[in-house]
Each structure stands twice: as C-alpha cells, then as structure tokens.
Amino acid sequence: MGKKKPRRPRRAFTPEFKAEIVELCRRGDRSLGQVARDFDLTETAVRAWVRQADLDAGVRTDGMTSAEREELAALRAENRRLREDNEILKRATAFFARETR
C-alpha cells in the first residue's frame, strides 16, 4: 500500500528567519505553499508562524500573543514551584508535629 515518508528530525529556527518567511508570505508574489517548498519547510509551520505574527501585530485576536505565551509559561513554572514548596512545608509540619508529642 502507501509508504510513509520517514520523519525528519526536529529543527529549530531563529526568530529572524521566521520573520523573514512571514514577510515573504505577506508580500504576495508567492503563495504560502510555494514559500514553504522553496525553503524546505512544512506548510503547517509556515502557517503557524504567519498566524503568530498576526496575533503579535494585533491583526488577529483569536489567540495569545508571544508575550502572553511567555507570561503564561512563567506563571505555570512559578505555580509548580510554589506547589512543591507548599508540599515540603506540609511534610515538615507533619514531621515536627510527631516529634513534639
């Protein structure tokens, strides 16, 4: 039947490269799919970069901006740390309560 293409390794791109790709897509002389093929990228990734750039620029309002995403990640990390600290304090309280009896 149909053979699956092997998965390519995950690649990382600089914000400057992503901005350049978004600008090429916005110019309109090439389609999004053509830009993706020219730079050996997936259409899904390019579409996501364009969408995120639109959110950051305020063109779209149906998602979070990059700043909001960063803030959410920081808050989640702080929340996780505080939960761990709270758990440690609960254990210490229980330990010392047993020791003083």
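**Notes on the predicted model: pocket, helix 3 and the loops around it**

1. Let's start with the make-up of the pocket wall. By class, the lining of the largest pocket has eleven nonpolar, seven charged and four polar residues. Keep in mind that this is a predicted model. The space inside the largest pocket comes to about 770 Å³. Its lining counts 22 residues, and those closest to the centre are Arg11, Phe13, Lys18, Ala45 and Trp49. Two elements give two or more residues to that lining, namely helix 1 (15-27) and helix 3 (43-57). Helix 3 supplies the largest share, with seven residues.

2. Helix 3 itself looks regular in length. Its 15 residues should span 21 Å at 1.5 Å a residue, and the end C-alpha atoms are indeed 21 Å apart, so the two values agree. Just after helix 3 comes Gly58, which has a positive phi of about 85 degrees.

3. Which residues of helix 3 are buried? The list runs Val46, Trp49, Val50, Gln52, Ala53, Asp54 and Leu55. Among the elements that cover these buried residues are helix 1, helix 2 (32-38) and helix 4 (66-99). As a reminder for reading that list, an α-helix has 3.6 residues a turn, so residues three or four places apart point the same way.

4. Two of the buried residues deserve a look of their own. Asp54, in helix 3, has a relative accessible area of 15%, so it falls under the 20% limit and counts as buried. Beyond its neighbours up to four places away in sequence, Asp54 touches Arg26, Val59 and Arg60. Gln52 also sits in helix 3; its relative accessible area is 16%, which means that it is buried too. With neighbours within four places in sequence left aside, the contacts of Gln52 are Met64, Thr65, Ser66 and Arg69.

5. Now the core. The largest nonpolar core has twelve residues: Ile21, Val22, Leu24, Cys25, Leu32, Val35, Ala36, Leu41, Val46, Trp49, Val50 and Ala53. Helix 1, helix 2 and helix 3 are the elements that each give two or more residues to this core. In soluble globular proteins, nonpolar side chains tend to be buried together.

6. Leu41 is a core member worth following on screen. Outside the four places on either side in sequence, Leu41 is in contact with Arg11, Phe13, Phe17, Ile21, Ala36, Val46 and Trp49. Of these partners, Arg11, Phe13 and Trp49 also appear among the residues closest to the pocket centre, while Ile21, Ala36, Val46 and Trp49 are listed in the core.

7. Where is Asp40? Asp40 lies in the loop between helix 2 and helix 3. Its phi is near 55 degrees, a positive value in a residue other than glycine. For background, most residues other than glycine have a negative phi. At 44% relative accessibility, Asp40 is partly exposed, because the value lies between 20% and 50%.

8. Finally, Arg8, which belongs to the segment before helix 1. Its relative accessible area of 41% makes Arg8 partly exposed. Which residues does Arg8 contact once neighbours within four places in sequence are left aside? They are Asp40 and Thr42, and Asp40 is the loop residue with the positive phi from the point above. Arg8 and Glu68, by contrast, are 60 residues apart in sequence, and their C-alpha atoms are 30 Å apart in space.

Notes: Residues are numbered from 1 along each chain as its sequence is written. This is a predicted model: local features need pLDDT of at least 70, side-chain atom pairs count only at pLDDT 80 or more; totals for chains, interfaces and linings use all residues. Side-chain values use heavy atoms; hydrogens and water are left out. On a 1 Å grid over the protein atoms alone, a cavity is a set of points where a 1.4 Å probe fits but cannot get out, and a pocket is an open set with protein on both sides within 12 Å along at least five of seven lines; lining residues have an atom within 4 Å of a point. Grid points are joined across faces, edges and corners, and a volume is the space filled by probe spheres set on the points. Helices (H or I, at least four residues) and strands (E, at least two) are DSSP runs, numbered from the N terminus. Ala, Val, Leu, Ile, Met, Phe, Trp, Tyr, Cys and Pro count as nonpolar, Asp, Glu, Lys and Arg as charged, and the others, Gly among them, as polar. Buried means under 20% relative accessible area, exposed over 50%, partly exposed in between (1.4 Å probe, protein chains only). Contact means heavy atoms within 4.5 Å. The expected span of a helix is 1.5 Å times one less than its number of residues. A nonpolar core is a set of buried Ala, Val, Leu, Ile, Met, Phe, Trp, Tyr and Cys residues joined through side-chain atoms within 4.5 Å.
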